[in-house]
Amino acid sequence: MTASLHRFAPLALAALRIMSALLFLAHGTQKLLGFPAPPANGLPAAFTLSWTAGVLELVGGALLVVGLFTRPVAFVLSGLMAFAYFLAHAPRNFYPLLNGGDAAILFCFVFLYLVFAGPGALALDKR
């Protein structure tokens with residue numbers, strides 16, 4: 001059974017990459033485009049930390065969806081999420097569930113995994 005599951009590992013990795021990237025991309029579209037709903041505190045001013053994070057979420061998420069420059073993009077995005085957690089979430093409360101940082105931690109480690117595992121199947125990096 002392990003051998004039959006192992007042959008689907010590249011597809012499972014691609015599914016993890018694509019779905020994580022689509023969810024991450026949605027954070028960028030919300031911050032920069034106000035879609036599907038504008039952020040509670042409004043759209044960020046250009047060249048602020050929040051705006052820069054939105055650009056990285058939008059561009060980096062799109063690159064990960066198609067699997068282009070996966071490893072370096074995932075490295076940058078993993079760092080972005082670690083930075084976001086310690087800057088924006090950790091000061092609110094020690095517990096991630098209470099400080100709203102659980103998604104940032106999860107994105108950080110999924111992207112860190114992609115740095116080492118690569119894009120999986122269905123990626124432009126494979127061409």
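The protein contains 6 helices and 0 strands, in a model that is predicted. Read from the N terminus, its elements follow the order α-α-α-α-α-α. Along the principal axes, the C-alpha atoms occupy a box of roughly 50 × 30 × 25 Å. Of the 127 residues in the protein, 33% are buried. Where contacts join residues at least 6 apart in sequence, 63% of them link residues at least 24 apart.

**Helix H4 and its surroundings**

Helix H4 covers residues 70-89, 20 residues in total. From first to last C-alpha it reaches 26 Å, close to the 28 Å expected at 1.5 Å a residue. The buried residues of H4 are Thr70, Val73, Ala74, Leu77, Ser78, Leu80, Met81, Tyr85 and His89. Viewed down the axis of H4, these buried residues lie within an arc of 165 degrees, so they line one face of the helix. An α-helix has 3.6 residues a turn, so residues three or four places apart point the same way. Phe75 and Phe86, on the other side of H4, are exposed.

The cover over the buried residues of H4 includes four helices, listed below with their residue ranges.

| Helix | Residues |
|---|---|
| H2 | 9-33 |
| H3 | 49-66 |
| H5 | 96-99 |
| H6 | 102-117 |

**The pairing of H2 and H6**

Two of the helices that cover H4, H2 and H6, also meet each other: their axes come within 11 Å and cross at roughly 135 degrees. H2 and H6 are therefore oblique to each other; an angle of this kind lies outside the range over 145 degrees that counts as roughly antiparallel. The crossing of H2 past H6 is left-handed. On the H2 side, the contact is made by Leu13, Leu16, Arg17, Ser20, Leu23, Phe24 and His27. H6 contributes Phe107, Val110, Phe111, Tyr113, Leu114 and Ala117.

**Leu56 in H3**

Leu56 is located in helix H3. Its relative accessibility is 30%, so Leu56 counts as partly exposed; the limits for that class are 20% and 50%. Leaving aside residues up to four places away in sequence, Leu56 touches Phe24, Gly61, Val76, Leu77 and Leu80. Among these partners, Leu77 and Leu80 belong to the buried residues of H4, and Phe24 takes part in the contact of H2 with H6. Leu56 and Phe24 are 32 residues apart along the chain, and 9.7 Å separates their C-alpha atoms.

Key
Residues numbered from 1 in each chain as written. Predicted model: local features only at pLDDT ≥ 70, side-chain atom pairs only at ≥ 80, totals over all residues. Heavy atoms only, no water. Expected span 1.5 Å × (residues − 1). Buried < 20%, exposed > 50% of the residue type's maximum accessible area, 1.4 Å probe, protein only. Arc of directions from axis to C-beta. Contact = heavy atoms within 4.5 Å. Axes fitted to C-alpha atoms, helices over the stretch in contact; angles between N-to-C directions. Parallel < 35°, antiparallel > 145°, perpendicular 65-115°, else oblique. Left-handed = near helix turned anticlockwise from the far one by under 90°.
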